[in-house]
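Please look through the structure below with its surface and its interior in mind. The paragraphs that follow take up an enclosed helix and then two surface patches.

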Amino acid sequence: MSESNSATESKNSGIKKIDDQGILKGVEGLTPEKIESVIQQVITNETGARLKVYVDTCVHCGLCSKGCHYYLSLNDPKFSPAGKVKQTLAEIMQKKGKVSPEFIKQAAVIAYTQCNLCKRCAMYCPFGLDVAYVMSVMRRICHKLGVVPLYIQDTAHSHSVTMNQMWVKDDEWVDTLMWQEEEAQEAFENLRIPLDIEGADLFYSVIGPEPKFRAQLIFQAAVIMNAVGENWTMPSMPGWDNSDMCMFTGDYEMMERLKRCHFESALNLRAKRIVMGECGHAFRSVYDVGNRALGWRMPPIEIIHAIDYFNELFEQNRIKIKKKFDTPVTLHDPCNVSRGRGLHDKARNLVNATCSNFIEMVPNREHNYCCSAGGGVINCGPPFKNARVESGKEKARQLLEAKEKGAKVVIAPCHNCHGGLEDIIHHYNVGMELKFFGDIIYEILDLP
Amino acid sequence: MHDLYSFFTGPFAWLTFIVFIGGSVWRFSSLWQLAQKKDGHVFEYMDTKFALRSIAHWLVPFGSRSMKLNPAMTVVTFLFHICLFITPIFVFGHVILWKENFNISWFTLPNAVADVMTFIVIASCIFFLWRRITLPEVKYLTTPSDFVILFIVAAPFITGFWVYHQFAGSAFMTIIHIISGEVMLMAIPFTKLFHMFLFPFTRGYIGSEFGGVRMAKDW
């Protein structure tokens, strides 16, 4: 698959020529009648006053622009949050759903690839209008119309077939765990990755890409768990994957199945709580979106992100380190766990407990810029890669600023952020190394 | 002229109050009912403490990062909204009308102060117009109705300024002033001006989400 994206701009939009078979083929089958009926279905059955108020209350002041890294990077008003609403739901509501297939094509590109659903703009709009919610409604409409970027739809298909994001078969999952167990035993004698232990203190879940591409992260987590003597377990059957691309395609029915499977997997084992690996979107899916869809105000079982867990290990003095990591580091606050769960202070505690030289990037905490990969944007794949990296220009500037102050390593406790930042670092020649907290802790861990 | 004056300060004024209050109640209650039917989560997550925390930060000048990034807009917006509300309620000419018609009265602003405040509203509207025409991110969002709304808001103040300073044709302008004020009030329930009533709810809801679920600041 070619990674190039044609640079011809169409006349009236900020969208470059679309080279995505999921969108193009999907639009081919649309008629104005079908579009109108699906839109009416979504608007009348699935939304209410919230959407109406968000679209109607916007006074077009433009203050949200500075909240959006797309706008800041590209300096084009079509990429401002309100600008994206104007090109999607505002027009749809004004025309009561009477829009063309061509309109849906553009709207799909905007909703799926020009918004990371990072919710930063809600902090810049004086009214607190939540444009991420509006974009999610647009994605929902596109999903119901069958107009979804090919790559992310493939991961959604994988979810529906295997209950994980990466087409990992049941035997491959267990096989991967056993392989990592064996690898880790070289560092740590008698190390186990305990499977299906009932009543464990901690149920550890990861995202599909960990066994698929980053199996060493499972190995590192196993070493840390063993080093601190944790009473933990992982499930041998589906439910191990906490990720959720269906949440981002707008396939909420499938999202509910996935979240139920994950929660039940832990609850069936009577685990005391779930600890999840360093992933942002998965955290959003279990802590904020998926549980609500299933009717739980908050998750039905305590569920904490790795930042929280690692921080706890240090606060309770359960972990011994040889010495602090001494290369100067900076910290990227992932949207879904800082703006999404306020873990930025714990993340800083953890940095200070593990590293001797910490340099802040600015702005930070709730105000940090997204990596441009979140919200399923990176999962839309190669057809949108160049555009995604261009929209990370502001992020690159922020990274370079931290580098000038001396930072050599970026800690990013989120998989999507890793993917996005890796591309940004490469494209803009930032020359910094990326790490998870797990990488750092594994490196400095004092093994018994 | 006198007949016109009587009509716009009499029956039409009553119509204005009915449309403004009735329309606002109708719009608000229809949104409320729709929310109860369709947006259960809004009521579930709404949290008084976090809602007020967020509203407070956004009602204090420079209380949010967004305001710090846009200092001119912040100063103008605050002055504009304060003057927009205070001036018509406390200007001497209006309080006299309340006294004459309903025999109720209250504190009045010194004329010079009211004059300056009126001027601030007009100047702010010019600033907003300038933003709409020149700033690309605002220009892109601007629709014809945004200009109409700006004009509806500016008109009572421009005409009021005119009448107070007795410029040419001020008798006729008095009637235009009354009509423009009435048009503004009647427009509130049916235009984006309704944001004055929705602000506490939109801000309060996102404040509740950020405070109660996301455990993060939203300013």
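In this predicted model, a useful place to begin is helix H20 of chain A, whose buried residues are A:Phe437, A:Gly438, A:Asp439, A:Ile440, A:Ile441 and A:Ile444. Because 6 of the 8 residues of this helix, which spans residues 437–444, are buried, H20 of chain A is largely enclosed by the rest of the structure. The elements against which these buried residues pack are both helical and extended: helices H11 (215–227), H15 (306–315) and H16 (344–354), together with strands E5 (329–331), E6 (409–411) and E7 (433–435), of chain A.

Turning to the surface of the same chain, A:Asp170, A:Asp171, A:Glu172 and A:Asp175 form a negative patch. One of these residues, A:Glu172, belongs to helix H9 of chain A, which covers residues 170–187. With a relative accessible area of 33%, A:Glu172 is partly exposed, and it can be part of a patch because patch residues need over 30% relative accessible area.

Chain B carries a surface patch of nonpolar character, with about 1,100 Å² of accessible area taken together, and among its members are B:Trp14, B:Phe17, B:Ile89, B:Trp98 and B:Phe107. Two helices of chain B, H2 (11–38) and H7 (92–102), each supply at least two residues of this nonpolar patch, and H2 of chain B gives the most, with 5 residues. B:Phe17 lies in helix H2 of chain B, and its relative accessibility of 35% places B:Phe17 in the partly exposed class.

Note on methods:
Residues numbered from 1 in each chain as written. Chains lettered and ligands numbered in written order. Predicted model: local features only at pLDDT ≥ 70, side-chain atom pairs only at ≥ 80, totals over all residues. Heavy atoms only, no water. Patch = residues over 30% accessible without salt bridge, like charges linked within 9 Å, V, L, I, M, F, W, Y side chains within 5 Å. Areas by Shrake-Rupley, 256 points an atom, 1.4 Å probe, with all protein chains shown as cover. Salt bridge = Lys/Arg side-chain N within 4 Å of Asp/Glu carboxyl O. Lys, Arg positive; Asp, Glu negative; His and termini not counted. Charge placed at Lys NZ, Arg CZ, Asp CG, Glu CD. Helix = DSSP H or I, 4+ residues; strand = E, 2+ residues; numbered from the N terminus. Buried < 20%, exposed > 50% of the residue type's maximum accessible area, 1.4 Å probe, protein only. Contact = heavy atoms within 4.5 Å.
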